[in-house]
Amino acid sequence: MAQGSGGSGMTRGDRRRNARRERLRELLPRDGAVVGIDLAEDKQALAVVDHDVRVLARKTVRVKASGLGEALDWAVGQAGVKGFARVTVACEPTGARWMQVQRLCAARGLPLVCIQPLVSHIAREQQDYTPHKSDESDCVLIARLAGRAAQLCAGGAG
C-alpha cells in the first residue's frame with residue numbers, strides 16, 4: 001500500500017482537506033461573531049449571532065445588496081458592543097448579489113463565507129419541517145450553518 005510523502009500515510013487529498021479546514025477556522029474564529037445575511041432583490045435581512053447561535057442583533061433593510069455597506073457597519077458595531085472584536089459575514093451565493101456583499105466586505109476587511117443554498121434548504125426543512133422560508137429566520141439559519149461548519153472543523157460537537 002502506497003503512503004503519502006513523509007511516511008505519514010497522508011494523501012494529497014488529506015493535506016488539501018486539512019488546509020481548507022484550517023482556512024475556515026481562520027475565517028470563523030470561535031471568539032468572533034457571525035453576521036448572517038439573507039439576500040433578496042430589494043430587502044436584506046441581517047442577524048448578528050455568536051457561535052452558540054444567540055442572536056445579538058437583528059435588522060432588515062430595504063436596499064439592494066450593493067447598498068448594504070451601512071448595514072454591515074451597523075452589524076460590526078453591534079458585535080463590538082457585545083464584546084466581539086472579530087466579525088465574519090455569511091450569505092448564500094445566489095445570483096450576483098453575493099458578489100456585491102463580497103466587494104463591500106473586502107472594502108471593510110471582513111471575511112466572507114458562503115453557505116451553499118442546498119445546505120440551507122435541507123437545514124430549513126430539518127429545523128421546522130417546512131420548505132418555505134422567511135428572510136428574518138433564514139439570516140439566523142445562514143449564520144448558524146457558518147458557525148457550525150467552523151465548529152465541525154475544529155472538532156467541536158456543535
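**Sheet architecture and helix packing**

Strand 1 (residues 33–38) and strand 2 (residues 44–49) are paired in the antiparallel sense over 5 bridges, in what is a predicted model. Within this pairing, D38 lies opposite A45 of strand 2. Strand 2 also pairs with strand 3, again in the antiparallel sense, here over 6 bridges, and K59 in strand 3 is the bridge partner of L46. The two strands, 2 and 3, form a hairpin in which 5 residues lie between them, and V53, located in the turn, has a positive phi of about 60°.

These pairings belong to an open sheet of 5 strands, in which the order is 3-2-1-4-5 and the pairing is mixed. Strand 3 (55–61) and strand 5 (112–114) stand at the edges of the sheet, and because each has a single partner strand, one side of each is left without a neighbour in the sheet. From one strand to the next, the twist averages 20°.

Helix 2 (residues 69–81) packs on the sheet, where it touches strand 1, strand 2, strand 3 and strand 4 (87–91), and its direction makes about 15° with that of strand 2. Helix 3 (residues 97–108), for its part, lies across strand 1, strand 4 and strand 5, and runs at about 160° to strand 5.

Two packed helices are described by the angle between their axes and the distance between the axes. For helix 2 and helix 3, the axes come within 10 Å and cross at roughly 50°. Since angles that are neither under 35 degrees, nor over 145, nor from 65 to 115 count as oblique, helix 2 is therefore oblique to helix 3. The crossing of helix 2 and helix 3 is right-handed. The contact is made by G69, E70, L72 and D73 on the side of helix 2, and by L104, C105 and R108 on the side of helix 3. Classified by residue type, the contact of helix 2 with helix 3 has 3 nonpolar, 1 polar and 3 charged residues.

A further residue considered individually is R97, whose place is in helix 3. The relative accessibility of R97 is 25%, and R97 therefore counts as partly exposed, the class that lies between the limits of 20% for buried and 50% for exposed. When neighbours within four places in sequence are left aside, R97 is in contact with L39, A40, E41 and A65. One of these residues, L39, is 58 residues apart from R97 in sequence, whereas the C-alpha to C-alpha separation of R97 and L39 in space is 6.9 Å.

Notes. Residues numbered from 1 in each chain as written. Predicted model: local features only at pLDDT ≥ 70, side-chain atom pairs only at ≥ 80, totals over all residues. Heavy atoms only, no water. Pairing = 2+ DSSP bridges. Helix = DSSP H or I, 4+ residues; strand = E, 2+ residues; numbered from the N terminus. Axes fitted to C-alpha atoms, helices over the stretch in contact; angles between N-to-C directions. Contact = heavy atoms within 4.5 Å. Left-handed = near helix turned anticlockwise from the far one by under 90°. Nonpolar A, V, L, I, M, F, W, Y, C, P; charged D, E, K, R; others polar. Buried < 20%, exposed > 50% of the residue type's maximum accessible area, 1.4 Å probe, protein only.
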